[in-house]
2 protein chains.
Amino acid sequence: MSAYRPLTASGLIDTLAALPSVSAILGGNTADWGAREVSDGNLNTVFIVSGPLGSVCCKQSLPYVRVDPSWAMPLERTLFEARWMQHVSPAVGHQIPTLYHLDEGLFLIVMENLATHHVLRGALIAGLAPAGFAARIGEFVGHASFATSWRAMPFEDVHAMRDIFSRNLALTRITVDLILTDPYRRDCARNHWISPALDDLVTAIQQDSALHAAVERLQERFLSCGQALLHGDLHTGSVMICGDDVRVIDGEFALYGPIGFDLGMFTANLIMNAYAQPEHDAWMRDEIALLWSGFRHAYLERWEQSGARGDVGSLSRPTVSSAERTRFFQQVMHDCAGFAGLELVRRTIGFAQIADYEASQDREQEVEARRRALITGRALIQRAFQIDSPEALLGMI
Amino acid sequence: MSAYRPLTASGLIDTLAALPSVSAILGGNTADWGAREVSDGNLNTVFIVSGPLGSVCCKQSLPYVRVDPSWAMPLERTLFEARWMQHVSPAVGHQIPTLYHLDEGLFLIVMENLATHHVLRGALIAGLAPAGFAARIGEFVGHASFATSWRAMPFEDVHAMRDIFSRNLALTRITVDLILTDPYRRDCARNHWISPALDDLVTAIQQDSALHAAVERLQERFLSCGQALLHGDLHTGSVMICGDDVRVIDGEFALYGPIGFDLGMFTANLIMNAYAQPEHDAWMRDEIALLWSGFRHAYLERWEQSGARGDVGSLSRPTVSSAERTRFFQQVMHDCAGFAGLELVRRTIGFAQIADYEASQDREQEVEARRRALITGRALIQRAFQIDSPEALLGMI
């Protein structure tokens with residue numbers, strides 16, 4: 001373990017040279033290696049290091065938010081991302097990058113470089129993503145959430161895993177503030193929107209006390225309902241894609257929470273893409289249905305296996321009662337709908353918005369897309385607990 | 001901090017002599033002090049130490065279950081009881097004994113001796129408990145659960161508190177096994193019941209797959225729904241009473257969970273007393289109504305105050321929307337009904353049964369009381385999520 005310092009390209013190369021397993025992947029020696037900074041997300045520094053035989057991706061925390069150095073941020077976030085990779089990889093295999101090395105002193109992750117992959121959000125905007133990708137994401141959520149749930153493991157093991165991510169305070173604080181609180185507050189300077197075109201909807205959202213009660217119900221679900229280990233930031237920018245190969249990255253927000261949070265966030269990002277690019281409407285509806293069916297199939301597949309050892313389900317295993325199955329998926333759908341609503345609102349008027357809107361043909365279409373997101377978001381939050389099926393969800397979009 | 005050894009009376013006196021604050025309570029010097037073992041619960045050794053000025057109660061863990069030395073049990077349980085006292089006392093004041101001292105090496109708690117109090121269960125059986133006691137228990141649950149909830153504190157503080165009790169594995173394992181699992185398993189040797197008089201009901205309970213699905217739903221609620229810090233074992237044997245002074249003791253099972261667990265366990269113990277002693281029927285119904293109204297009033301009192309700083313409820317505070325209030329108390333009642341059902345079943349056919357049944361006039365009345373408990377318990381588990389009010393609950397008894 002090394003003392004922390006923000007790495008330069010040459011410092012990174014020296015660090016990797018001391019790791020035989022990484023050196024073997026790169027091939028040759030340090031004189032043959034090149035490091036290139038490719039930082040793209042908001043928080044961290046990312047380098048690709050290439051050698052004669054191969055390449056690796058290196059992600060290091062900075063003691064602040066990369067895009068806003070005045071915003072201090074604990075270095076530990078990289079550790080949570082690595083822990084997330086370690087804990088979900090047995091269940092999801094190659095649906096995440098392979099973790100080669102974690103340096104807990106440098107807060108540095110060395111992992112598989114997905115050289116031929118593209119970030120899904122950009123591919124979607126460019127119309128280049130292959131149809132059906134969302135089935136793989138649903139499968140990922142189904143396998144990761146079942147494997148880390150109270151149905152899969154004795155509660156002692158869940159407690160141990162939950163406690164690790166319970167300390168992921170800085171990034172959970174971001175979620176609580178930016179998703180679950182700020183967009184509904186009139187006095188929050190971090191909000192921004194197209195004014196005056198959206199003023200009427202923003203005012204309505206920020207003054208609707210019944211809506212706020214529904215948001216608070218989702219605050220309570222998010223914080224107190226620890227069903228499974230979530231990715232915690234599963235939008236289309238957290239997915240890399242190359243043909244049929246779909247990888248989930250950036251698990252630094254991981255925490256125990258309601259499974260519908262991950263599904264809802266991803267669903268909302270598909271909805272916003274369809275609103276920004278109306279020619280994607282039928283496609284995105286298909287993807288949302290595939291997300292859900294992929295999730296349901298993957299989760300049930302594990303639930304119906306006899307290998308689970310969890311304290312929940314101990315009486316009927318491996319049989320799954322049809323009433324309980326129905327109830328479980330309805331409850332996940334309620335959460336999915338509600339959290340999708342929150343994501344629609346916060347990506348449209350909150351601090352961190354999305355590039356999809358800029359793909360609109362013109363300002364008028366962008367305003368229309370954003371208005372639809374706010375109207376749908378508000379309706380999903382208010383009616384979340386009446387939305388029982390993917391059909392009902394699609395009927396609200 | 002001292003090295004662990006099971007204390008004898010004289011060893012305990014030497015230990016207390018080194019504590020100025022405890023010596024001041026007792027008065028005089030060690031030659032004037034007497035220690036008397038009063039162990040009564042299943043798990044620990046309890047001494048009362050008396051001096052010229054006063055007395056203290058001393059509770060020490062043994063490395064096994066006191067009543068079954070072949071059952072190993074980690075010493076740490078005393079630490080969890082002390083932590084529970086420390087964390088709830090600011091909210092509940094004198095509704096728990098005052099903690100004078102914790103020795104983390106000896107796993108020894110020194111606390112207020114409730115010399116004039118009686119254990120509620122015995123007082124109930126003897127018909128000596130003063131009417132209205134359950135209002136105080138409801139108030140205790142309301143204040144303790146609100147103060148430790150996501151509505152009262154920033155989530156960072158809840159995580160820190162939850163993580164402490166997340167390590168209370170040995171006693172949580174007892175709850176998971178003895179309450180949430182064993183009574184529904186045909187092959188569990190720890191179950192015992194009056195045979196053949198109860199055989200038909202026991203067989204039905206152990207073969208009813210729809211019931212098992214409902215039990216599993218409560219397993220999931222108990223483990224994954226961390227609403228507040230629970231007492232975790234709130235039956236009538238965990239309450240000491242003297243006139244209007246009602247104290248909750250024995251918090252060693254404390255953990256984060258659904259508030260309705262504590263309320264349901266206490267409710268079930270009142271129901272079983274009424275079944276065993278039918279002359280208490282109207283009285284116990286009154287107490288159950290008072291338990292609920294006391295809880296509701298106390299929880300709401302804190303909810304409507306402006307001092308709360310929790311992330312849940314941040315948008316509407318200190319206003320409480322009537323829809324959200326209704327929803328919240330309905331949901332707690334669902335849990336209360338379901339967990340009451342589990343407690344009725346496990347105290348009638350499980351490992352740890354209750355003395356109230358032995359207060360029945362004769363064997364025939366005892367069998368009748370136990371049959372009613374099993375029938376009501378099964379119905380409460382199955383219909384928990386349709387029981388919305390104390391009236392609906394009382395209608396099921």
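**Colleague's note: two chains, their helices and their cores**

1. Start with helix 10 and helix 13 of chain B: they cross in a right-handed way. Handedness here depends on how the near helix is turned from the far one by less than a right angle: clockwise is right-handed, anticlockwise left-handed. Helices (H or I, at least four residues) and strands (E, at least two) are DSSP runs numbered from the N terminus.

2. Some housekeeping before going on. This is a predicted model, where local features need pLDDT of at least 70 and side-chain atom pairs count only at pLDDT 80 or more, while totals for chains, interfaces and linings use all residues. Residues are numbered from 1 along each chain as its sequence is written, with chains lettered from A and ligands numbered from 1 in the order in which they are written.

3. Back to that helix pair. The axes of helix 10 (residues 259-276) and helix 13 (residues 363-383) of chain B come within 8 Å and cross at roughly 145°. Axes are lines fitted to C-alpha atoms, for helices over the stretch in contact, and angles run from 0 to 180 degrees between N-to-C directions. On the helix 10 side of chain B, Ile271(B), Met272(B), Tyr275(B) and Ala276(B) make the contact (C-beta atoms, placed from the backbone, within 7 Å). Helix 13 of chain B answers with Ala369(B), Arg372(B), Ala373(B) and Thr376(B). By type, the contact has six nonpolar residues, one polar and one charged. Nonpolar means Ala, Val, Leu, Ile, Met, Phe, Trp, Tyr, Cys and Pro; charged means Asp, Glu, Lys and Arg; the others, Gly among them, are polar.

4. Chain A has a helix pair worth a look too. Helix 5 (residues 133-147) and helix 11 (residues 281-303) of chain A pack at about 30°, with axes 7 Å apart. Their crossing is right-handed. The residues of this contact come out as 15 nonpolar, seven polar and four charged.

5. How are the two chains related? A turn of 180° and a shift of 0.0 Å along the axis lay chain B on chain A with an RMSD of 0.0 Å; the fit is by least squares on the C-alpha atoms of residues with pLDDT of at least 70 in both copies. The copies are therefore related as by a two-fold rotation axis. Among the residues of chain B, Cys225(B) comes closest to that axis, its C-alpha at 2.4 Å. The same surface serves both copies, with 100% of the contact residues of chain B recurring in chain A.

6. Now the interface itself. Contacts join 35 residues of chain B to 35 residues of chain A. On the chain B side, two or more residues each come from helix 6 (155-166), helix 7 (169-179), helix 9 (209-224) and helix 12 (322-349) of chain B. Helix 9 of chain B gives the largest share, 11 residues. This side of chain B is a mix of 13 nonpolar, 14 polar and eight charged residues.

7. For the interior, the largest nonpolar core has 122 residues, and Val49(A), Ile137(A), Ile271(A) and Leu291(A) touch the most other members. Such a core is a set of buried Ala, Val, Leu, Ile, Met, Phe, Trp, Tyr and Cys residues joined through C-beta atoms within 7 Å. A residue is buried if 20 or more other C-beta atoms lie within 10 Å of its own, exposed if 12 or fewer, and partly exposed in between, with C-beta atoms placed from the backbone. Leaving aside neighbours within four places in sequence, the contacts of Val49(A) include Leu12(A), Trp33(A) and Cys58(A). A second, separate core of 119 residues includes Phe140(B), Ala268(B), Ala359(B) and Leu380(B).

8. Finally, some backbone oddities to check by eye. Arg317(A) and Pro318(A) are joined by a cis peptide bond, omega about 0°, and Pro318(A) is in the loop between helix 11 and helix 12 of chain A. Phe107(A), not a glycine, has a positive phi of about 50°; Phe107(A) sits in the loop between strand 6 (99-103) and strand 7 (108-112) of chain A. Phe107(A) is buried, with 25 other C-beta atoms within 10 Å. Asp250(A), also not a glycine, has a positive phi of about 60° and counts as buried, with 22 C-beta neighbours inside 10 Å.

Conventions: Contact = placed C-beta atoms within 7 Å.
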